[in-house]
Amino acid sequence: MYELAVTMNGLPTSGSPYAIRMDGTSLDKPASYAIGFGVKRAQIPVSSSFSIQSRDEFGNDLSTGGNLLTATLEHVESSHFEFLTVVDEQDGSFAVNYVPTVSGVYTLSVTRAKQHISGSPFTVSAVPSDVDADLTSVVGPWPSHLTAGVSSTICVSAQDSFGNEIDSTLERFAAVLEGPGGEEGSMQLEFLFDRPECAQMQITPYTSGKFTLSILFNSHHISASPIDVTVSAAGVATLSHLHQRNYARLTTAGQYLSLVLLAKDAFDNPVIDLSEPEISASTSDAVANIISTQTDPGRYRVRVQLTRSGRYPVTVLAGTVFAPSLQVQVNGGALSATRSLCINGTRSQAQQFTAGQAKRIGISAFDSYSNCVVDGPMLELQVLGPTQTTQVVQPEVQEACTYLVPFYATLAGDYTVDISHLASVISDCPLSIKVSAARVVLNQTFLHGSGLSAACVGSGATFISQARDSYGNQA
């Protein structure tokens, strides 16, 4: 509005001053302008708006409508266009509204007759709305098998309800391991930032077992969550005896010594399914065969076969992890006829015995593993000669590994002696034994011949003296 004063000789004329309304001329594109948040930034799917004020070429705001404006909103990285609503307010201004659905950078153009208004084209940044848990998913396969103490990375693609990817605040995500009974597995969750296309979650479980793994956003499951996972124990870190004893375990060479061991990893999880080659036994120099059987998760019944007699420590290993050493007393086993020897005589060289004299035959007694036999075994003595006998005898201990088997004969002559154990003849038997007559005794000596009853003077007379020992053996 303007005020026009008309005077004559300094005096106002009738009706002066006059109020004059000055309207702009036709709309001038470069002079018109847009104002409002919507020409810079928008959020999906919130309605964004801005207004346009039309001006003439002198910069005057137009106060009437009827001008035709065109507004377009084009995505920079695709051919996507958003629909805009332009309303002529009939007072020289225009109201523009749009609702973006695709995130990214747009070019906003406002034109009349293909000429841009002031500031056009504008750059508009459309940001996604909040995360939609139902459309958020794991990129790539879900981990179905984890190992205690070993980190696994899960890449989560966060999207809004229109499918736009969101660089979401990672801390709004959570991961939970839950056991069959509702117990929560121990786990560490870390966030990584080296992949812009997804939210990286590094999961490190510490409790072994079967669980469900849930990935949550704001306490809501994302797509496909939860899933079943198995967490395996890490490698063996500790190996212990279920029943640790302070005294030596007693066993016999060749027999199996039964032990029960517990295998756990560094997080106290039972280590299951150890294969037999992973378990071994260590001794000073004894041969150790081993058989292992898993009876419960992490519990193994280990049977160790030791073949050297004596007292020494035995250590069971799982890989390179040692269980505490056990002192073991290993006694020799049963006598082995093929390992044992008759030591004072052979078949070709006969031993010299005297009738009625108690003699002993030496036996070196060993078990199947060449250990000395500790307990004197019952032996069968078979004698062939002037007399034939078979008897079971208990040998006498002479020294380590050596036993003495008694032999007694009263009839002189050549004998063959077999010594056997459980029907197996001991090596280097049978023995040859020659029994000679004992000392002559008068009451067993006989004289016979004609010279004892008659003799002629001047001619010789003869008789025979037959000397015998006390057993009637001829001397």
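How many cavities of 30 Å³ or more does the count come to? The count comes to one. A cavity here is a set of points on a 1 Å grid, laid over the protein atoms alone, where a 1.4 Å probe fits but cannot get out, and lining residues are those with an atom within 4 Å of a point. Grid points are joined across faces, edges and corners, and the volume is the space filled by probe spheres set on the points. The model is a predicted one, with local features needing pLDDT of at least 70 and side-chain atom pairs counting only at pLDDT 80 or more, while totals for chains, interfaces and linings use all residues. Residues are numbered from 1 along each chain as its sequence is written, and side-chain values use heavy atoms, with hydrogens and water left out.

The largest cavity holds about 30 Å³ of space. Its lining is made up of Leu 239, Leu 261, Leu 274, Ile 279, Tyr 300, Val 302, Val 316, Leu 317 and Ala 318. Two elements give two or more residues to that lining, strand 29 (299–306) and strand 30 (310–318); strands, like helices, are DSSP runs numbered from the N terminus (E, at least two residues for a strand; H or I, at least four for a helix). Strand 30 has the largest share, with three residues. Sorted by class, the lining has nine nonpolar residues and no polar or charged ones, where nonpolar covers Ala, Val, Leu, Ile, Met, Phe, Trp, Tyr, Cys and Pro, charged covers Asp, Glu, Lys and Arg, and polar takes the others, Gly among them.

Leu 239 from that lining also turns up on the covered face of strand 24 (residues 238–241), together with His 241, while Thr 238 and Ser 240 make up the uncovered face. Strand 24 pairs with strand 26 (residues 256–264) in the antiparallel sense over four bridges, pairing being called when DSSP finds at least two bridges between two strands. Within this pair, Ser 240 sits opposite Leu 262 of strand 26. A similar description fits strand 18 (residues 173–178): Phe 173, Ala 175 and Leu 177 are on its covered face, and Ala 174, Val 176 and Glu 178 are on the uncovered one. Six bridges link strand 18 to strand 21 (residues 209–217), again in the antiparallel sense, and Phe 173 has Phe 217 of strand 21 opposite.

Next comes an open sheet of four strands, in the order 33-35-39-38, with antiparallel pairing. Strand 33 (341–342) and strand 38 (396–399) are the edges, each with a single partner strand, so one side of each has no neighbour in the sheet. Strand 33 is joined to strand 35 (residues 359–364) by two bridges, and Cys 342 has Ile 363 as its bridge partner in strand 35.

Strand 35 also feeds the largest nonpolar core, as do strand 36 (379–384), strand 39 (402–407), strand 40 (413–421) and strand 42 (431–436), each giving two or more residues. A nonpolar core is a set of buried Ala, Val, Leu, Ile, Met, Phe, Trp, Tyr and Cys residues joined through side-chain atoms within 4.5 Å; buried means under 20% relative accessible area, exposed over 50%, and partly exposed in between (1.4 Å probe, protein chains only). This core has 25 residues, and those with the most contacts inside it are Ile 361, Val 405, Phe 407, Val 417, Ile 419, Ile 433 and Val 435. Another core, of 24 residues, lies apart from it and includes Ala 263, Leu 306, Val 314 and Val 321.

Strand 40 also holds Ser 420, which is buried at 9% relative accessible area. Leaving out residues up to four places away in sequence, Ser 420 touches Leu 379, Glu 380, Val 425 and Ile 426, contact meaning heavy atoms within 4.5 Å.

The backbone has a few oddities too. Most residues other than glycine have a negative phi, and most peptide bonds are trans. Ala 423, in the loop between strand 40 and strand 41, has a positive phi of about 70° and is exposed at 74% relative accessible area. Asp 428 has phi near 65° and is partly exposed, at 46%. The loop between strand 41 and strand 42 holds Asp 428 and also Pro 430, which a cis peptide bond joins to Cys 429, with omega about 10°. The bond from Ile 44 to Pro 45 is cis as well, with omega near -5°.

Note on methods. On a 1 Å grid over the protein atoms alone, a cavity is a set of points where a 1.4 Å probe fits but cannot get out, and a pocket is an open set with protein on both sides within 12 Å along at least five of seven lines; lining residues have an atom within 4 Å of a point.
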